[in-house]
Every structure is written in C-alpha cells, then in structure tokens.
Amino acid sequence: MAGQGTPATALLVKRGIAHRTHPYRVAPDAPNYGALVAAALGVPPERVFKSLVTEVDGALTVAVVPVTGELDLKALAAAVGGKRAALADRAVAERATGYVRGGISPLGQRRRLPTVLDDSALGLPTIYVSAGRRGLQLELAAADLVALTEARTAALQAR
C-alpha cells in the first residue's frame with residue numbers, strides 16, 4: 001500500500017514482524033469512534049484497541065485498551081507501581097508520540113513511552129491498533145506488540 005508508511009509500519013517492516021494494514025473511513029469527531037472503526041473494518045470491536053497517553057505520577061505512560069471499554073486509571077497506576085493516573089493533555093501526548101489524537105500508535109513513537117496492554121488482548125488471534133495515522137489500522141499479534149514495546153499486561157478496563 002504505497003503512501004501509507006508511518007513510523008509504526010516502518011518499525012514493523014524493519015523488525016520483520018508479520019502485520020497487515022487496514023485503511024478505513026470514519027469521521028474523526030464521530031461519537032463512539034472506536035466502535036465505528038471496528039464496524040468499518042468488519043471485525044468485532046473487542047479486537048480493536050485504542051492507545052491512550054496518560055500520566056502516572058507525572059510520567060507519561062501509554063495504556064492500550066479495547067475500544068469497547070473504558071480505562072480504569074487506578075488499575076493502570078497499580079500496573080506500573082504508581083499511585084495516581086490521569087489522561088495526558090492532548091498537546092503533551094501529541095508532542096511525546098509524534099502522532100495526532102485519533103492516530104496515536106503504541107509503536108514508532110517519537111519518544112518511546114512505557115506501555116501497558118490490557119490483558120484481554122492475549123486471548124485474541126490478532127489485535128488492531130492505530131498505524132499512526134487516522135484512517136489506518138495495524139493488525140498484528142498481541143505478543144508482537146508486547147515484545148516491540150516491552151509492554152506490561154494487566155486488566156485495565158473499568159469493570
């Protein structure tokens with residue numbers, strides 16, 4: 001797919017990691033964006049994950065959770081040994097990752113941030129994450145995402 005390279009896809013190619021890219025069209029300001037992306041891709045929404053840049057005790061951390069759920073900030077803080085977590089300011093997240101909101105990938109970030117992947121991903125054959133641009137998703141094995149980001153896994157969804 002010419003013209004669709006991003007730092008995330010370049011990293012996967014460089015490391016020889018099996019993956020597929022999937023373009024889609026969803027308005028960036030649409031309500032329930034993640035569910036609409038899953039529908040556009042024709043995959044169950046629990047296989048599509050969003051990357052949320054957070055601050056845990058002042059340190060930026062990426063939480064990767066299914067689009068079907070909400071991030072449990074207390075669970076995230078506990079997963080990285082912190083006390084308090086909050087969503088990072090949009091400008092801070094974009095500056096740290098090099099990506100724009102709605103296209104933040106857990107891979108190929110400008111500054112590699114600690115990452116925590118929701119453990120629900122481990123039971124899936126593949127998961128979908130942003131490829132680093134709105135309108136483009138990556139499909140890859142959760143184990144490959146964990147290896148590339150050195151992610152921890154934990155139950156991160158608010159129950």
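D57 is partly exposed, with a relative accessible area of 48%. This value belongs to a predicted model. The residue sits in the loop between β2 and β3 (59–66). Its backbone stands out in one respect: the phi of D57 is near 50°, a positive value in a residue other than glycine. Most residues other than glycine have a negative phi.

A second residue with a positive phi is E150, whose angle is near 55° and which is likewise not glycine. E150 lies in the loop between α5 (142–149) and β8 (152–154). Its relative accessibility is 62%, so E150 counts as exposed, because the class begins over 50%. D57, at 48%, is therefore only partly exposed.

The table sets out the two residues.

| Residue | Phi | Relative accessible area | Loop |
|---|---|---|---|
| D57 | near 50° | 48% | between β2 and β3 |
| E150 | near 55° | 62% | between α5 and β8 |

The other topic is the largest pocket. Rolling a probe the size of a water molecule over the atoms shows where empty space is left. The largest pocket holds about 720 Å³ of space. Its lining is made up of 30 residues, and K50, S51, L52, R101 and G102 are the ones nearest the centre. Two or more lining residues come from each of α2 (33–41), β2 (49–56) and α4 (90–97). Strand β2 gives the largest share, five residues.

What classes of residue form the lining of the largest pocket? There are 14 nonpolar, nine polar and seven charged residues.

Methods: Residues are numbered from 1 along each chain as its sequence is written. This is a predicted model: local features need pLDDT of at least 70, side-chain atom pairs count only at pLDDT 80 or more; totals for chains, interfaces and linings use all residues. Side-chain values use heavy atoms; hydrogens and water are left out. On a 1 Å grid over the protein atoms alone, a cavity is a set of points where a 1.4 Å probe fits but cannot get out, and a pocket is an open set with protein on both sides within 12 Å along at least five of seven lines; lining residues have an atom within 4 Å of a point. Grid points are joined across faces, edges and corners, and a volume is the space filled by probe spheres set on the points. Helices (H or I, at least four residues) and strands (E, at least two) are DSSP runs, numbered from the N terminus. Ala, Val, Leu, Ile, Met, Phe, Trp, Tyr, Cys and Pro count as nonpolar, Asp, Glu, Lys and Arg as charged, and the others, Gly among them, as polar. Buried means under 20% relative accessible area, exposed over 50%, partly exposed in between (1.4 Å probe, protein chains only).
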